[in-house]
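Let's take a walk through this structure together. Have the sequence and the 3D view handy, and follow along at your own pace.

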Amino acid sequence: MRPSSAGAGDDPRPAEPGEWRAVIRLAPYLLTFRGRVLVAMLCLVGAKAATVTLPIVLKHIVDALDQAEQSVIVLPLAILLTYGVLRFATVAFGELRDVVFGRVTERAMSRVALEVFRHLNNLDLEFHLARRTGGLSRDIERGVAGIRFLLRFMAFNIVPTLIEIALVAGILLVGYSWTYAGVIALAVTIYITYSVMVTEWRTGYVRHQNRLASRANTRAIDALLNFETVKYFGNEGFEAGRYADSLQAWEVAMAKNRISLATLNLGQAVIVGAAVTVMMILAARQVVAGTMTLGDLVLVNAYMLQLFVPLNFLGFVYREIKQALADIGRMFRLTDIQPAVQDRADATVRSTAPAAVTFDAVDFGYDTRRQILHGVDFTIATGETVAIVGSSGAGKSTIARLLFRFYDVDGGAIRVDGIDIRDLSQASLRANIGVVPQDAVLFNDTLGYNIAYGRPDASEDEVREVIRLAHLQDFVSSLPDGLDTPVGERGLKLSGGEKQRVAIARAVLKQPGILVFDEATSSLDSESERSVVDALRTVAADYTTLVIAHRLSTVADADRILVLEQGRVVESGAHNELIAQQGRYAALWQLQQSE
């Protein structure tokens with residue numbers, strides 16, 4: 001079997017420890033804004049310094065107010081002003097940090113998303129035939145959102161909180177007793193250990209819930225994209241039932257996830273409550289014994305509240321960071337997928353121009369157990385029009401895919417002007433080939449946008465010229481909005497013939513040297529087919545042209561016709577020559593004429 005890609009969103013493999021490498025992979029995007037990162041870190045240090053100093057100032061306020069001296073009127077006012085300034089500094093540094101670092105986060109998100117998008121577009125056809133669009137889009141969406149969460153909370157919550165814990169423990173150890181520092185260290189250690197263990201246990205529930213959500217989303221999008229097929233077979237209820245089954249499984253997974261979350265939160269509350277209680281008992285006893293002031297009691301209490309409020313939040317952040325890492329890891333795994341078709345290091349770049357095309361003893365099969373093409377040999381001279389005909393499954397469209405290098409041949413070679421296409425860069429090869437497929441899918445935009453898509457920088461005159469060549473001028477003139485007319489999702493507002501002529505105009509505007517028409521008229525009625533065939537004849541005169549067709553009437557005037565049967569060229573010649581041979585082509589012609 002050729003390598004294929006599993007549908008995105010259905011990957012049952014759990015997150016790996018290596019997904020922490022996502023942090024390393026994000027580093028280059030952060031280093032783009034070294035100055036901003038440095039300023040943000042300085043703001044972080046300023047905010048934490050002010051935060052840790054606040055309880056100390058609060059202690060002096062309480063002690064000053066507890067004294068029965070005349071200086072009480074002056075001293076607390078100065079300290080109170082200091083307290084207010086520190087409180088403001090904490091908020092100001094935090095807001096400034098967010099403003100400065102926000103650009104870094106947004107740029108990282110946009111650049112990673114762009115990198116993934118470009119990589120997906122560079123993957124081979126096999127991946128895109130196997131992918132599930134709904135699950136894939138969900139993976140990218142979650143991955144980008146995970147970057148935002150990871151950068152924001154890991155940089156400005158987890159690390160700062162751990163620094164604050166160390167500073168508070170040091171202050172209590174130096175200024176009071178090792179007992180207080182020991183209680184904090186023990187409580188934090190138990191809290192983090194418990195949070196990590198329970199979070200790891202419940203991560204399976206979270207991941208399972210996300211897989212089910214992706215599967216439900218994939219089914220919904222798949223049904224909506226194929227709504228015509230659903231309507232044809234009256235399967236609205238069947239699709240709704242499948243979607244309901246997915247949602248029901250998701251509900252069950254959500255319930256288990258909710259129970260595991262409650263277990264985590266309750267355990268954390270017990271640890272925090274016990275630690276605060278022990279600290280307050282120790283401090284209260286020393287106040288009663290006269291070894292600590294009332295201000296010291298307030299300081300200890302303030303530090304406990306100051307620590308455990310963000311520490312409680314730390315449990316949530318850890319859970320979400322684990323999920324963010326899994327989402328980012330899944331997205332980055334998309335970029336780790338290597339296309340089966342790749343350029344060689346010394347690939348040649350060829351200019352766009354009409355060229356001879358040669359298939360030299362080409363063997364190919366999508367599956368090694370079933371070969372499609374067997375020693376296919378033919379040449380299309382520069383400027384010549386060659387048609388390939390044959391029954392369904394003979395391998396006609398495979399020839400077009402191989403020429404465009406969606407796949408590499410298993411044996412033999414395909415050459416353009418004598419150069420093996422494996423020695424050409426894919427970009428230059430494909431720039432020289434214009435394709436009009438059997439089903440011309442258009443973007444949900446205007447008619448003008450879809451025509452100009454062949455070469456977005458084309459001038460208005462060039463667009464008008466290809467409209468004329470594709471016999472579209474009467475159609476465009478009949479539209480109230482002209483080229484500004486929306487074509488709808490996949491071009492559904494246009495008829496089959498109109499879509500095919502748009503596809504022809506788009507391919508010619510690309511200015512390739514080689515044109516490939518892959519069953520371009522097979523799904524059209526006779527009138528539309530005649531219009532499209534006229535357009536094909538008009539544009540094909542100036543190109544090296546390969547026409548793949550099922551209806552022989554559309555290629556009767558080709559310079560040469562190849563008859564393909566079971567992956568082999570069994571006949572070759574002009575229309576009249578093949579009719580005279582009374583072989584396979586003549587039999588197909590008679591059959592189609594009688595029909």
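A good place to start is strand E3, which is mostly covered: 5 of its 5 residues are buried. This is a predicted model, so keep that in mind as you look around. In a regular strand the side chains alternate between the two faces of the sheet. You can follow that along E3, where Thr385, Ala387 and Val389 point one way while Val386 and Ile388 point the other, and all are buried.

Now look at the strands that E3 pairs with. Strand E8 runs parallel to E3, and 4 bridges join the two. Pick out valine 386 and you'll find its bridge partner in E8, leucine 546. Strand E9 also runs parallel to E3, again joined by 4 bridges. Here valine 389 stands opposite valine 563 in E9.

Step back and you'll see the whole sheet. It is an open sheet of 6 strands with mixed pairing, in the order E6-E7-E8-E3-E9-E10. Which strands stand at the edges? They are E6 (433-436) and E10 (568-573), each with a single partner strand, so one side of each is left without a neighbour in the sheet. From one strand to the next, the twist averages 20°.

Another pair worth finding is E7 (residues 514-518) with E8 (residues 544-548), which pair in the parallel sense over 5 bridges. In this pair, aspartate 518 stands opposite isoleucine 548 in E8. Helix H15 (residues 496-509) packs on the sheet and touches E6 and E7. The direction of H15 makes about 175° with that of E6. Helix H18 is placed another way: it lies across E3 (385-389), E9 (560-565) and E10, and runs at about 90° to E9.

Next, find helix H6, which takes in residues 178-225, 48 residues in total. From its first C-alpha to its last, H6 reaches 66 Å, close to the 70 Å expected at 1.5 Å a residue. Follow H6 along and look for the kink: it is about 35° and is centred on arginine 202.

Two residues in loops deserve a stop as well. Arginine 405 has a positive phi of about 60°, although it is not a glycine. You'll find arginine 405 in the loop between helix H10 (396-403) and strand E4 (411-416). Is arginine 405 buried or exposed? Its relative accessibility is 2%, so arginine 405 counts as buried.

Glutamine 582 is the other one to look at, with a positive phi of about 55° although it is not a glycine. Glutamine 582 sits in the loop between helix H17 (575-581) and helix H18 (584-594). With a relative accessible area of 54%, glutamine 582 is exposed.

Finally, zoom out to the protein as a whole. There are 18 helices and 10 strands, and buried residues make up 46% of the 595 residues. Take the contacts between residues at least 6 apart in sequence: 79% of them join residues at least 24 apart. As for the outside, the protein exposes about 29200 Å², with carbon and sulfur atoms supplying 59% of it.

Technical notes
Residues are numbered from 1 along each chain as its sequence is written. This is a predicted model: local features need pLDDT of at least 70, side-chain atom pairs count only at pLDDT 80 or more; totals for chains, interfaces and linings use all residues. Side-chain values use heavy atoms; hydrogens and water are left out. The expected span of a helix is 1.5 Å times one less than its number of residues. The bend at a residue is the angle between axes fitted to the seven residues ending there and the seven starting there. Buried means under 20% relative accessible area, exposed over 50%, partly exposed in between (1.4 Å probe, protein chains only). Two strands pair if DSSP finds at least two bridges between them. Axes are lines fitted to C-alpha atoms, for helices over the stretch in contact, and angles run from 0 to 180 degrees between N-to-C directions. Contact means heavy atoms within 4.5 Å. Accessible areas come from the Shrake-Rupley method with a 1.4 Å probe; for residues, only the protein chains shown count as cover.
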